[in-house]
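Please look over the sequence and the model before reading on. The text below goes through the charged pairs, the sheet and the nonpolar core in turn.

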Amino acid sequence: MADDVLTSGPEPNSTVVGRAQGIYASASMEDLSFLMTMNLAFSDGDFNGSSLSLLGRNPVLHEYPEMPIVGGSGVFRMARGIATAKTYSFNLSGDAIVEYNVVASHY
């Protein structure tokens with residue numbers, strides 16, 4: 001289970017713009033991959049009250065893992081697209097700073 005801060009940048013003192021809430025589960029016996037269901041729930045700025053929903057496999061050790069965007073709410077209602085992840089840092093406690101770059105559209 002995850003309920004992490006969503007910030008405008010990778011620096012620990014970046015502006016908080018929402019929460020990254022969801023579930024990670026191990027999805028491979030061969031490499032480090034997770035099945036992720038993640039909601040990027042925005043609580044500040046232009047996207048306040050809106051969310052993006054990601055669902056898919058996250059091969060953590062790839063340079064830019066790509067996960068599908070399967071929906072959203074508010075200004076992201078009916079969104080479809082992809083989110084790529086870039087890990088800035090992680091530690092043995094399981095804490096990580098990850099940047100998500102999103103390309104989405106709605107119909």
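Which residue forms a salt bridge with Arg 57? The partner is Asp 31, and the closest N and O atoms of the two residues are 3.3 Å apart. This pair links distant parts of the chain, since Arg 57 belongs to strand S4 and Asp 31 to the loop between S2 and S3, with 26 residues separating them in sequence. Arg 57 counts as partly exposed, at 41% relative accessibility. Asp 31 is also partly exposed, with a relative accessible area of 36%. Such values come from a predicted model.

Two salt bridges are present in the structure. In one of them, the side chains of Asp 3 and Arg 19 meet, with an N to O distance of 2.9 Å. Asp 3 lies in strand S1 and Arg 19 in strand S2, so the salt bridge ties together parts that are 16 residues apart in sequence. Asp 3 has a relative accessible area of 43%, and so is partly exposed. Arg 19 is partly exposed as well, at 30% relative accessibility. In general, side chains of opposite charge can pair when their charged atoms come close.

The strands named so far belong to a sheet. It is an open sheet of seven strands in the order S1-S2-S3-S4-S5-S6-S7, and the pairing is antiparallel. The edges are formed by strand S1 (2-7) and strand S7 (96-106), each of which pairs on one side only. On average, neighbouring strands of this sheet are turned by 25 degrees against each other, direction ignored. Strands of a sheet pair through backbone hydrogen bonds, either parallel or antiparallel.

At the S1 edge, six bridges join S1 to strand S2 (residues 16-26) in the antiparallel sense. Asp 3 takes part in this pairing too, with Gln 21 in S2 as its bridge partner. The residue therefore has a backbone partner and a side-chain partner in S2: Gln 21 is the bridge partner, while Arg 19, in strand S2, is the salt-bridge partner.

Further along the order, S5 and S6 run antiparallel and are joined by four bridges. Here Ile 69 stands opposite Gly 81 in S6. The hairpin of S5 and S6 has five residues between the strands, and in it Gly 74 takes a positive phi near 65 degrees. S6 in turn pairs with S7 in the antiparallel sense, over eleven bridges. Within this pairing, Thr 87 stands opposite Val 98 in S7. The hairpin of S6 and S7 also has five residues between the strands, and there Gly 94 takes a positive phi near 95 degrees.

What remains is the packing of nonpolar side chains. The largest nonpolar core has 16 residues, and those with the most contacts inside it are Met 38, Leu 40, Phe 42, Leu 52, Leu 54 and Ile 69. At least two residues of this core come from each of S1, S2, strand S3 (33-42), strand S4 (51-59), strand S5 (66-73) and strand S6 (79-90). S3 supplies the largest share, four residues. In soluble globular proteins, nonpolar side chains tend to be buried together.

Ile 69, seen above opposite Gly 81, shows what surrounds one core residue. Leaving out residues up to four places away in sequence, Ile 69 touches residues including Leu 52, Ser 53 and Leu 54, as well as Ala 79, Arg 80, Gly 81, Ile 82 and Ala 83. Val 102, Val 103 and Ala 104 are also among its contacts.

Note on methods:
Residues numbered from 1 in each chain as written. Predicted model: local features only at pLDDT ≥ 70, side-chain atom pairs only at ≥ 80, totals over all residues. Heavy atoms only, no water. Pairing = 2+ DSSP bridges. Axes fitted to C-alpha atoms, helices over the stretch in contact; angles between N-to-C directions. Core = buried A, V, L, I, M, F, W, Y, C linked by side-chain atoms within 4.5 Å. Buried < 20%, exposed > 50% of the residue type's maximum accessible area, 1.4 Å probe, protein only. Contact = heavy atoms within 4.5 Å. Salt bridge = Lys/Arg side-chain N within 4 Å of Asp/Glu carboxyl O.
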